[in-house]
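Here is a short walk through one pocket and the helices around it. Take a moment to turn the structure in your viewer, then read on.

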Amino acid sequence: MYALGYPLYSAVTLLDYLLLIYTFVILAAVILSWTNPDPLNPLVRILRNLTEPVFERLRPYIPLIGGLDLTPVALIAIIFFVRTGILKVLSRMAMEMSQ
């Protein structure tokens, strides 16, 4: 089991950092949506290309509340659950396997 512990721990750590970075991408996209950015701006296009496919999959399940799209909030909550719940358990399991 020693041979599986460290690669699993590395994969979990990498996924944790990627989810953290994606959370910041979501926050940046939300802040930009409050303004009227130029849709041809490369930064705006990158942020929309990274977030809109995920938002579109979640929007049918999350209703608008007072005209507000709460999809980014729900996605951040899902990411938080994955990072603090699932990845922490996998991390502990990987550390136990590597000892």
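## The pocket and its helices

In the largest pocket, H2 supplies the largest share of the lining, six residues. Please keep in mind that this is a predicted model.

What else can be said about this pocket? Its volume is about 330 Å³. The lining of the largest pocket is made up of 19 residues, and those nearest the centre are Ala 29, Val 30, Ser 33, Asp 69 and Pro 72. Helix H1 (2-34), helix H2 (42-58) and helix H3 (71-97) are the elements that each give two or more residues to this lining. Sorted by class, the lining holds twelve nonpolar, three polar and four charged residues.

Two of these helices can be set side by side.

| Helix | Residues | Span, first to last C-alpha | Expected span at 1.5 Å a residue |
|---|---|---|---|
| H2 | 17 residues | 25 Å | 24 Å |
| H3 | 27 residues | 37 Å | 39 Å |

For H2, the span is close to the expected value, and for H3 the span is likewise close to what is expected.

### Along H2

Let us start at the N-terminal end of H2, which is capped by Asn 41. Here a side-chain oxygen of Asn 41 lies 3.0 Å from the backbone nitrogen of Leu 43.

Further along, H2 has a kink of about 35 degrees at Thr 51, shortly before the proline Pro 53. The side chain of Thr 51 also has a polar atom 2.8 Å from the backbone oxygen of Leu 47.

Which residues of H2 are buried? They are Val 44, Leu 47, Thr 51, Phe 55 and Leu 58. An α-helix has 3.6 residues a turn, so residues three or four places apart point the same way. That is a handy thought to keep while you look down the helix axis.

Why is Thr 51 classed as buried? Thr 51 has a relative accessible area of 1%, and it counts as buried because the cut-off is under 20%. Val 44, also in helix H2, is buried too, with a relative accessible area of 4%. From Val 44 you can look across to Ser 33, eleven residues away along the chain, where the two C-alpha atoms are separated by 9.3 Å. Ser 33 is itself among the residues nearest the centre of the largest pocket.

Is Arg 48 buried or partly exposed? This residue of helix H2 counts as partly exposed, at 38% relative accessibility. The C-alpha atoms of Arg 48 and Tyr 17 are separated by 20 Å, with these positions 31 residues apart along the chain counted as their distance apart.

### Along H3

H3 has a kink as well: it is about 35 degrees and is centred on Leu 87. Leu 87 is one of the buried residues of H3, together with Thr 71, Pro 72, Leu 75, Ile 79, Ser 91, Ala 94 and Met 97. Among these, Pro 72 should be familiar from the pocket, where it is one of the residues nearest the centre.

Val 82, in helix H3, is partly exposed, with a relative accessible area of 21%. How far apart are the C-alpha atoms of Val 82 and Thr 13? They are separated by 12 Å, although the two residues are 69 residues apart along the chain.

Definitions and conventions:
Residues numbered from 1 in each chain as written. Predicted model: local features only at pLDDT ≥ 70, side-chain atom pairs only at ≥ 80, totals over all residues. Heavy atoms only, no water. 1 Å grid on protein atoms, 1.4 Å probe; cavity = no way out; pocket = protein on both sides within 12 Å on 5 of 7 lines; lining within 4 Å. Points joined across faces, edges and corners; volume = space filled by probe spheres on them. Helix = DSSP H or I, 4+ residues; strand = E, 2+ residues; numbered from the N terminus. Nonpolar A, V, L, I, M, F, W, Y, C, P; charged D, E, K, R; others polar. Expected span 1.5 Å × (residues − 1). Bend = angle between axes of the 7 residues up to and from the residue. Buried < 20%, exposed > 50% of the residue type's maximum accessible area, 1.4 Å probe, protein only. Polar contact = N/O pair within 3.5 Å; in protein donor to acceptor, adjacent residues only side chain to side chain.
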